[in-house]
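Good morning, everyone. Please have the viewer open, and follow the side chains as I name them.

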Amino acid sequence: MAVRLRRVCREVLLEPRYTPLVAACLCLAEGGVNLWVIRRVPYTEIDWRAYMQEVEGFANGTRDYTQLRGDTGPLVYPAGFVYLFLGLYYATGRGADIRLAQHIFAGLYLLNLLLVFRIYCRTCKVPPYVFFFMCCASYRIHSIFVLRLFNDPVAMAILFLAINFFLEDRWSWGCLLFSLAVSVKMNILLFAPGLLFLLLQRFGLLGCIPKLCICAVLQVALGLPFLLENPVGYLTRSFDLGRQFQFKWTVNWRFLPEEVFQHRAFHAGLLLAHLAGLVLFALHRWHRSKESILSLLKDPAERKHPSPPLSVNNIIFILFSSNFLGICCSRSLHYQFYVWYFHTLPYLLWCTPTSKLTHMPKVLLLGVIELCWNTYPSTVCSSLSLHICHGLILLQLWYGTALPPALQPPQPSKKSDPLSRKAK
């Protein structure tokens, strides 16, 4: 009996097919954990009051985006943020009922967790025991949701809902929700290169244009009241890609001198590294067809060697790795930015083949990353450790997802004439 019980427990903890059972147990536990955190841990005011002040200006009739501001400065998020937090403004008595807001964000936490678990149930890659570290063991994530009330988890919850639609092959609805998430916070754009690749692979260039139009039309519709009043002010404030970050809040670049951190050449170098990483992954890890990557521009039916059908793991790997490349090359990561990729880490670590001996190093990486994000203020050691962990994950993504030599697309001979081959 004891042997059988031990075997069952081992299977439940290690076999991905038991993910729904473990997920249900963890969601129930998380409900209690969040209620305990709200009751026992003091709320910390950081941005909530400023959010409420910013949307209050809109409620009072201000449509010039440059005039919307709070205690922390001017409003710098797109229009979707205004509408969603305006709802919270009214629901919480103009932002005064903090406890109610915390319970709303606790509900958002559970919804986000359900959406994430639904993705992991489809991938069948991650052993269920890992989800304990993704749930109950992360102090920082609970803090971001129910003790700080940031807008980052709102954007990520909508993003995970969009990904669930992508997995159901409902790309139009997924693109609509993706654009809505972007309108709450622009970090969602880190997923955009991967999404564009998927749209091209699934529909070709002409086929993906309507999906991109859905994204664009929603942005225009949401921003219309502000675009009519002051279009330049809205676009420069809500989509400011060159905004400077304060060195005192950086989690990932603490080991650099502040003058280097703020230097434009450093920012340009990070952008080039990001673009190079995306190109390398697109050419050698995302693209699996025997044809050139330019074949993605063709209609899928007209391709000489049709691309393999998009599987669940194709979609998730491309989206999650696209976002992770952006995280690695980010100009600065603040503490609330942890939620940008926290729920994707188990997949990024376990999507590659895992032997018994490699489980522990992967769990250790999760632990070190959590420790880095819980070190306040950040230190030289914590920042360097975070980059080392990110580098190790990138290396295992690169080498762990390479095709075996027998399955790699054949390379044309250097001596052959491409024009003659085309003529044949």
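I will go through salt bridges, then aromatic pairs, then charges over rings. One thing before we start: this is a predicted model.

Salt bridges, then. The count comes to 8. I will show you three.

Start with arginine 7. Its partner is glutamate 11, and the closest N and O atoms are 3.7 Å apart. How many residues apart are these two in helix H1? They are 4 residues apart, and helix H1 covers residues 2-14. That puts about one helical turn between arginine 7 and glutamate 11. Now check how open they are. Arginine 7 has 46% relative accessibility, so it counts as partly exposed. Glutamate 11 comes out at 23%, and that is partly exposed too. Keep in mind that buried means under 20%.

Next, arginine 122 and glutamate 168. Here the closest N and O atoms are 2.8 Å apart. Where do the two residues lie? Arginine 122 is in helix H5, residues 98-123. Glutamate 168 is in the loop between helix H8 (152-167) and helix H9 (171-184). So this pair ties together parts that are 46 residues apart in sequence. Arginine 122 is partly exposed, at 33% relative accessibility. Glutamate 168 is partly exposed as well, with a relative accessible area of 37%.

Third bridge: lysine 185 with aspartate 152, at 2.8 Å, N to O. Lysine 185 sits in the loop between H9 and helix H10 (192-229), and aspartate 152 sits in helix H8. The pair therefore ties together parts that are 33 residues apart in sequence. Buried or exposed, this lysine 185? Buried: its relative accessibility is 8%. Aspartate 152 is buried too, with a relative accessible area of 0%.

Some bridges share partners. Through them, Arg7, Glu11, Glu15 and Arg17 are joined into one network. You have already met Arg7 and Glu11 as a pair.

On to the aromatics. A search of the whole structure gives 34 aromatic pairs. Look at tyrosine 51 and phenylalanine 85. Their rings are 5.1 Å apart, centre to centre, with 65° between the planes. That makes the pair edge-to-face. Tyrosine 51 belongs to helix H3 (residues 48-59), and phenylalanine 85 belongs to helix H4 (residues 79-91). So the pair ties together parts that are 34 residues apart in sequence. Both tyrosine 51 and phenylalanine 85 are buried.

Now compare another pair, phenylalanine 166 and tryptophan 171. It is stacked: 4.9 Å centre to centre, 25° between the planes. Why is it called stacked? Because the planes are under 30 degrees apart. Phenylalanine 166 is buried, at 1% relative accessible area. Tryptophan 171 is buried as well, at 3%.

Rings also form a cluster. Ring pairs link Trp48, Tyr51, Tyr77, Phe81, Phe85 and Phe105. Tyr51 and Phe85 are the edge-to-face pair we just saw.

Last topic: charges over rings. What sits over the ring of phenylalanine 203? The charged end of lysine 211 does, 5.0 Å from the ring centre. Then go to phenylalanine 247. Over its ring sits the charged end of arginine 254, 4.9 Å from the centre.

To recap, remember one example of each kind. For salt bridges, take lysine 185 and aspartate 152. For aromatic pairs, take phenylalanine 166 and tryptophan 171, which are stacked. For a charge over a ring, take arginine 254 and phenylalanine 247. Thank you.

Conventions: Residues numbered from 1 in each chain as written. Predicted model: local features only at pLDDT ≥ 70, side-chain atom pairs only at ≥ 80, totals over all residues. Heavy atoms only, no water. Salt bridge = Lys/Arg side-chain N within 4 Å of Asp/Glu carboxyl O. Buried < 20%, exposed > 50% of the residue type's maximum accessible area, 1.4 Å probe, protein only. Phe/Tyr/Trp six-rings, centres within 6.5 Å; stacked < 30°, edge-to-face > 60°. Lys NZ or Arg CZ within 6 Å of the ring centre and 35° of its normal.
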